[in-house]
Amino acid sequence: MARTANVFVRVEPDIKEQAEQILDCLGIPMSNAVSMFLRQVVLQKGIPFDVKLPTDIPVAAGSLTKEQLYAELDKGMADVKAGRVYTADQVEAEIRKELGT
């Protein structure tokens, strides 16, 4: 058997739990998943996936100019007038569906 080394990492408890649930469904222990990731780092000589900010991140109102803020508000009003709206219950149901709860 090959020699092994210990790796200690700190992660948010909910992220760890979610990852464990998925890995359990796949039949992969957490230690094997971490080992697979590290092997891919070595093989690809870098992170084995894109590391970048999402393009659809919400706009922070405090970072906008007055004109940009009004333009964003106009977009929202256009959505309301066009009927592109959701109730709080619909949004909550969608979030629950995505989280599998």
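These legends go with close-up views of a predicted model.

**View 1. D50 and K52 pair up through their side chains.**
Here the salt bridge runs between D50 and K52, with an N to O distance of 3.8 Å. That makes the cut, because the rule asks for a nitrogen within 4 Å of a carboxyl oxygen. How accessible are the two partners, D50 and K52? D50 comes out at 63% relative accessibility, so it goes down as exposed. K52 is exposed as well, at 66%. By the rule used here, the model has six salt bridges in total, and this view shows one of the six.

**View 2. D79 meets R84 in a salt bridge.**
For this pair the N to O distance is 2.7 Å. D79 has a relative accessible area of 30%, so it counts as partly exposed. R84 reaches 51% and is classed as exposed, since that label takes a value over 50%. As for the chemistry, side chains of opposite charge can pair when their charged atoms come close.

**View 3. Helix α4 carries a salt bridge between R96 and E92.**
Zoom in on α4, which covers residues 88-99. The side chains of R96 and E92 meet with 2.7 Å from N to O. Where do R96 and E92 sit relative to one another in the helix? They are four residues apart, so about one helical turn separates them. Both land in the in-between accessibility class: R96 is partly exposed at 43%, and E92 is partly exposed at 38%.

**View 4. This one follows α4 from end to end and on to G100.**
Does the length of α4 agree or disagree with what its residue count suggests? With twelve residues at 1.5 Å a residue, the helix should span 16 Å, and its end C-alpha atoms are 17 Å apart, so the two agree. Just after the helix comes G100, which takes a positive phi of about 70 degrees.

**View 5. L23 of helix α1 is shown with its contacts.**
Helix α1 takes in residues 13-26, L23 among them. Is L23 buried or exposed? Its relative accessible area is 13%, so L23 counts as buried, because the buried class is anything under 20%. Leaving aside residues up to four places away in sequence, L23 touches I28, M30 and A33. Take A33, one of those contacts: it lies ten residues from L23 along the chain, and the C-alpha atoms of the two are separated by 7.8 Å.

Methods: Residues numbered from 1 in each chain as written. Predicted model: local features only at pLDDT ≥ 70, side-chain atom pairs only at ≥ 80, totals over all residues. Heavy atoms only, no water. Buried < 20%, exposed > 50% of the residue type's maximum accessible area, 1.4 Å probe, protein only. Helix = DSSP H or I, 4+ residues; strand = E, 2+ residues; numbered from the N terminus. Expected span 1.5 Å × (residues − 1). Contact = heavy atoms within 4.5 Å.
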